[in-house]
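Me: I am new to this structure and would like a close, unhurried look at a single part of it. Please choose the surroundings of whatever the chain holds, and take me through them step by step.

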Amino acid sequence: MSKTAVITGITGQDGSHLADLLLEKGYTVIGLTRRTSTEPPSRMRKHLWDKVIQFSGDVTDSYSVESLLKQYQPDEFYNLAAQSHVGTSWKQPEETTKVDYLGVLNILKGIQLISPHTKFYQASTSEMFGKVKDEYQSETSRFYPRSPYAVAKLAAYWLTVNYRESYDIFACSGILFNHEGPRRGRDFVTRKITDHVAKYKLGLTKDPLQLGNLNSMRDWGYAPEFVEAMWRILQQDTPQDFVIGTGESHSVRDFVEAAYKAIDVDVEWSGENETEKGARSDNGEIIVEVNKDFFRPAEVELLRADASKAKEVLGWEPTVTFSRLVEIMVENDIEELS
Ligand code: NAP
Ligand code: GDD
């Protein structure tokens with residue numbers, strides 16, 4: 001008999017890639033989707049519409065979570081639902097906490113009471129490391145969250161540990177570093193850049209790209225490879241937490257340079273100081289401007305993964321390099337816009 005898996009957040013970047021992977025493996029996939037006022041029945045990617053069972057609900061609504069668990073008693077439950085945008089979490093801190101913390105409590109309570117055999121995956125994040133101390137962050141590094149998003153995610157991480165230890169539930173966190181690709185939301189910095197560069201290439205914009213902090217460093221990987229790690233985490237004999245990332249870190253400035261390089265444009269940085277630096281193309285046009293509106297009240301300066309446990313125990317290793325990731329995203333955006 002095929003295994004059954006629930007995915008919350010199936011309309012998001014990771015949810016769609018994970019659904020593709022589990023369907024390929026023969027799973028029956030149930031996606032929790034929220035009702036939307038503008039695009040009924042849901043924002044799920046079209047290619048999944050007739051392959052995934054849609055269950056209407058919301059992780060902040062315990063009735064819908066419990067009904068889902070009662071009806072399907074799934075083998076695996078991947079909780080990817082979140083208000084996942086760090087900047088937005090200062091503007092909507094309550095909503096962020098409800099979805100990213102209370103939503104997880106609803107699911108764990110439900111599994112404990114209704115379906116204790118269900119294996120649970122929690123989408124934890126490198127943002128929990130925040131103001132980092134270690135050069136590379138591993139499962140044993142100190143947590144120091146720097147946003148309402150990261151605080152809620154850290155609380156959810158500890159809740160997952162506690163339900164595992166208290167009720168013997170197979171509950172695990174994947175502590176994933178940034179991962180990107182063609183399905184990334186356009187308000188995250190990578191896709192914002194590649195979307196703009198594609199428009200520039202196609203002559204669809206002459207405006208400079210407006211960005212915030214160019215100095216932050218992120219460990220950017222390729223999303224389809226990261227969802228494979230999620231699945232492997234739930235196939236272990238014992239429930240454990242894993243850091244997943246590439247071990248390489250680049251600045252937002254590096255990402256901008258690589259994206260323009262993908263369309264054969266050299267970037268020359270200018271400006272009075274590091275924070276105000278914008279950029280010109282090799283033909284003198286202003287192509288990047290630093291805009292204070294995109295700065296955050298507190299910043300995570302550097303993230304870089306030590307994923308050696310994942311390599312050793314899960315046999316998981318990323319293969320897509322930083323420059324290839326940027327090319328994939330720019331090429332995709334050019335194709336989508338053409
Ligand atoms: P995403 O594209 O922003 O997707 C978020 C998903 O959550 C959407 O499907 C959204 O559905 C759903 N959602 C939001 N509120 C909900 C609610 N109240 N009830 C049910 N569903 C709700 O995020 P992602 O990049 O795929 O990330 C997936 C998960 O991994 C998130 O938990 C994120 O915090 C975490 N994470 C991501 C990264 C990364 O680099 N991508 C790294 C570490 C951890 P709607 O379409 O209805 O809005
Ligand atoms: N979004 C955005 N927009 N970020 C900008 C901009 C801009 O115009 N300009 C500079 N940045 C900087 C941010 O300040 C941050 O330091 C960095 O670019 C990355 O921002 P995001 O792409 O929004 O991602 P994130 O690192 O804050 O969060 C993502 O990764 C986390 C894992 O570390 C999200 O996917 C989170 O959900 C995830 O947990």
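Reply: A polar contact is a pair of N or O atoms within 3.5 Å. The model is predicted, and with that in mind we can begin with ligand 2, where an oxygen atom of the ligand is 2.6 Å from an N or O atom in the side chain of Glu299. Because that pair is within 3.5 Å, it counts as a polar contact. Glu299 belongs to a group of 24 residues around ligand 2, and it is among those that come nearest, together with Ser84, Ser126, Tyr149 and Arg296. The backbone takes part as well: a backbone N or O atom of Val189 lies 2.8 Å from an oxygen atom of ligand 2, while for Gly212 a backbone N or O atom lies 2.8 Å from a nitrogen atom of that ligand.

Turning to ligand 1, we find 25 residues surrounding it, and the closest of them are Thr11, Arg43, Asp58, Ser84 and Tyr149. Ser84 and Tyr149 therefore appear in the nearest group for ligand 2 and in the closest group for ligand 1, each residue being near a ligand when one of its heavy atoms lies within 4 Å. From the side chain of Ser84, an N or O atom is 2.6 Å from an oxygen atom of ligand 1. Nitrogen atoms of ligand 1 have partners too, since a polar side-chain atom of Asp58 lies 2.8 Å from a nitrogen atom of the ligand, and an N or O atom in the side chain of Arg184 is 3.2 Å from a nitrogen atom of ligand 1.

Notes: Residues numbered from 1 in each chain as written. Chains lettered and ligands numbered in written order. Predicted model: local features only at pLDDT ≥ 70, side-chain atom pairs only at ≥ 80, totals over all residues. Heavy atoms only, no water. Polar contact = N/O pair within 3.5 Å; in protein donor to acceptor, adjacent residues only side chain to side chain.
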